[in-house]
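This report looks at the fold of one chain, one of its helices and a set of aromatic contacts. The sequence and structure come first.

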Amino acid sequence: MATVTYLEAIRQAIWEEMERDSRVFVMGEDVGVYGGAFKVTEGFIHKFGKERVVDTPISEMAIASAAYGASLTGMRPVGEFQFMDFISSAHSQIVQILAKSNWRWGAPAPLVLRGPSGGGVSGGPFHSQNPEMFYVHTPGLKVIAPATARDAKGLMKSAIRDNNPVLFFEHKFLYRRVKEELPLEDYTVEIGKARVHREGRHLSVITYASMVYVAQEAADILQKEGIELEILDLRTLLPLDRDAIRATVEKTNRTIVLHEDTKTGGIAGEIAAIINEEAFDSLDAPIVRITAMDAPVPFSPPLEKAFLPKVEDVVREARHLLKY
Amino acid sequence: MATKKIEAPTPASPESKSQSVNGSKAMPAHTGAKSGQPPVSKNPHGIPDWRLEQLPFHIESEWGDGEYRYKIVGDTSAPVPPLRPSKYLGKEQTIELFRYMIVNRRMEAALESMYKQSLVIGDLYQSLGQEACSVAAAYALDKDDWLGPMIRNQGSMIVKGYQPRATMMQYMGKGDSPTKGRDSGSHYGDPKTLNVVAPISHLGDSIGVLAGVALGARLQGKHVACLGYIGDGGQSTGPTYEGFNFAAVQHLGVVLVVEHNSWAYSTPVELQFACKDLADRAIGYGVPGVIVDGTDANQVYDAAHEAVQRAHRGEGASIIEAKFMRMKSHAMHDPAQYVPAKVKEYWKRRDPIARMEQYLKEAGWMTEAQIAEMHAEVERFINEERAVAEAAPMPGPEDAGTDVYFDNAVDIPVKYGEVRVKNANKNRKLSESSAPGHYK
Ligand SMILES: Cc1ncc(C[n+]2csc(CCOP(=O)(O)OP(=O)(O)O)c2C)c(N)n1
Ligand SMILES: [Mg+2]
């Protein structure tokens, strides 16, 4: 066991996969000698050569489409978006070319597009977004958003080994804040499986990425009042783990869906629909959504604090739901 | 024209050879039917222009009778020049290429008749007048090379190994079509054996894909040529720039054939871009560019051949601008009344198949009777293909939602070989990142 950050976990995963499989290579802006804006690929170019650590022009469309083109020759590219906000510049390539590829013309596209998403760092409206739902709405893709270092590493390995286009949303707030003991041996975490982050009897908080820690703080506070929260970390957003969602709702009969993404069209609505389909009879109270405001992500700290879901919101809504 | 500099023709390199993807024998450099190459001119920016005539007119919009319409400015009466003799194509190859052009045309004529009988689902896109460009460019590719067609390049897909029935079944939404009825028309491809990237509607998106294919192949130690087409309208898109610039900066063997067919749906080139020659873009990208007459299969082939050989040598990307005319409307629903009649008359006299027939006869390579027999033989072939396509079943409902994901239990092999890199410090261990990252 060794203590590593969320960021190091991702670095290790890509490094180890590149060592294991010569078909894996990385491409993106500033990923080579500089090692990437967040240093995920620091040192990679010296180890693997400039052919396997490709510095690209500032061209997100080219990153997505060329990664895909390379995957058609059997390569397994890992493309970096410097910030996941810039994935919008490659939206057409991802949803039109990549996502439909296997279905449309039998061309599997084993590639990963990854990068930092999320707020809490005063990144402003163009460096803090959570654009995952555009892609959760796109059949043919897989969408991952881990909360822990262990999951980040194991899921990154699974993503690279997967035969389909995988979008990997890392959370930049967690990069250097989350530190965990990780196994030294090779391991993977299965895509499409949620994880019970904390067991509890009274109320389920279904969440993912940095909001797992908001839920955890709320759980600590509520514990003192005798309220036990169960926290379900989705980890994969597409495909969603319907069984895990049903199981936790059947266990606690009360549900909060918490996410950092904005409310309208966020995954909470989808999860509420799944609960409706799978576990309606188990509900003792309405499903509550706690999300960011329906607004762009603001820059200044007081504004961003107002925008993001908070521990107090979870505590308040949990108390309310338990009285329902 | 008098101010134009004249450039000596590029000599054929002795080792250059062209191989048809359909397996015809490698041919030595050939001087063509006639000995001697007419001189090559250059455009004002120094781009070689292989054409034997300049377009003597352009389109302007005019206001008259309370309406806007397009009018022609200039003269359309110029006589038709002969084909430029090919530097590389010998008799057998020229005849094979000619046959592909006839297959292309007769397949589309059959499709039009099927459309009129309501056998085609949706709309039909045709390439009348553009067959030389589709066919001759693709004819320059080897088997290992890749093709990135657009909607009108149905002829190029036949050169790369598909049968006409494939396109026919696609248009009819048949279950046996390459996409099992999931997509239409020329929207199909094959990453395994024929190396054709299935077009998507979004114009320009295939160019970055072709760059990636070349990148992947190069990582596996193989310099492939990836030849794609883009229209005079499609080249205006952002992905065209990003994809091709990436190919240029990485010296990837993308051969971009810009099909300057004068119209993009209803929009004339005068409203699409401000430069005169799209091959000028090559200067900005830092790659070689050349202008050819898109109705002259010899020019198209020679330019594509040179660009493909350059790609095979690992020297990078090229642009070929082919100038010609979309002789049909955008698609069947469109009567294309916006095109001034004289434009069509001018280009009708420059029909690529008629010009090739003239060339073959003058070279003594085919007689009138042989040409007529080839047309008849292709007609029979197309009728057989049509019968097969029409008899094919429609898809079952089970094919709508399957194959959205590919099986993870199947290993996807590399296409060309082991991945190699030149310089790498294999013994280096991963050390914890110490450098500051963006944001705290
Ligand atoms: C990005 C994008 N925008 C719009 C369209 C709709 N569209 C399809 S073909 C076409 C005209 C294309 O013109 P051009 O590229 O010159 O090709 P041509 O039809 O002349 O062969 C348009 C506007 C599209 N396919 N893709
Ligand atoms: Mg056009």
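The text below goes from the overall form of chain A to helix 10 and then to the aromatic side chains.

**Chain A as a whole**

The model is predicted. Chain A contains 12 helices and 14 strands. Its C-alpha atoms fill a box of roughly 60 × 40 × 40 Å along the principal axes. The radius of gyration of chain A is 19 Å, which agrees with the value near 20 Å for a compact globule of 324 residues. Of these 324 residues, 67% count as buried. When contacts in chain A between residues at least 6 apart in sequence are taken, 83% of them join residues at least 24 apart.

**Helix 10 of chain A**

Helix 10 of chain A runs over residues 267-279, 13 residues in total. From first to last C-alpha it reaches 17 Å, close to the 18 Å expected at 1.5 Å a residue. Which residues of helix 10 of chain A are buried? They are I267(A), A268(A), I271(A), I274(A), I275(A) and A279(A). These residues lie on the same side of helix 10 of chain A, because they cover an arc of only 115 degrees around the axis. In an α-helix there are 3.6 residues a turn, so residues three or four places apart point the same way.

The buried residues of helix 10 pack against both helices and strands of chain A. The helices are helix 6 (132-136) and helix 9 (242-252). The strands are strand 10 (203-207), strand 12 (236-238), strand 13 (255-262) and strand 14 (288-292).

**Aromatic side chains**

Over all chains, the whole structure holds 20 aromatic pairs. Two of them, both edge-to-face, are listed here.

| Pair | Centre to centre | Angle between planes |
|---|---|---|
| F83(A) and F86(A) | 6.1 Å | 80 degrees |
| Y359(B) and W365(B) | 6.1 Å | 90 degrees |

Are the partners F83(A) and F86(A) buried or partly exposed? F83(A) is buried, with a relative accessible area of 2%, whereas F86(A), at 27% relative accessibility, counts as partly exposed. In the chain B pair, Y359(B) is buried at a relative accessible area of 6%, and W365(B) is buried at 12%.

F83(A) and F86(A) also belong to one aromatic cluster, together with Y6(A), F38(A) and Y175(A).

Arginines lie over aromatic rings as well. R177(A) sits over the face of F173(A), 3.8 Å from the ring centre. R150(A) lies over the face of Y187(A), at 5.2 Å from the ring centre.

Terms used: Residues are numbered from 1 along each chain as its sequence is written. Chains are lettered from A and ligands numbered from 1 in the order in which they are written. This is a predicted model: local features need pLDDT of at least 70, side-chain atom pairs count only at pLDDT 80 or more; totals for chains, interfaces and linings use all residues. Side-chain values use heavy atoms; hydrogens and water are left out. Helices (H or I, at least four residues) and strands (E, at least two) are DSSP runs, numbered from the N terminus. The expected span of a helix is 1.5 Å times one less than its number of residues. Buried means under 20% relative accessible area, exposed over 50%, partly exposed in between (1.4 Å probe, protein chains only). The arc is that of the directions from the helix axis to the C-beta atoms. Contact means heavy atoms within 4.5 Å. Rings of Phe, Tyr and Trp (its six-membered ring) pair if their centres lie within 6.5 Å; planes under 30 degrees apart count as stacked, over 60 as edge-to-face and the rest as tilted. A charge sits over a ring if NZ of Lys or CZ of Arg is within 6 Å of the ring centre and within 35 degrees of the ring normal. The radius of gyration is taken over C-alpha atoms; the globule rule is 2.2 Å times the number of residues to the power 0.38.
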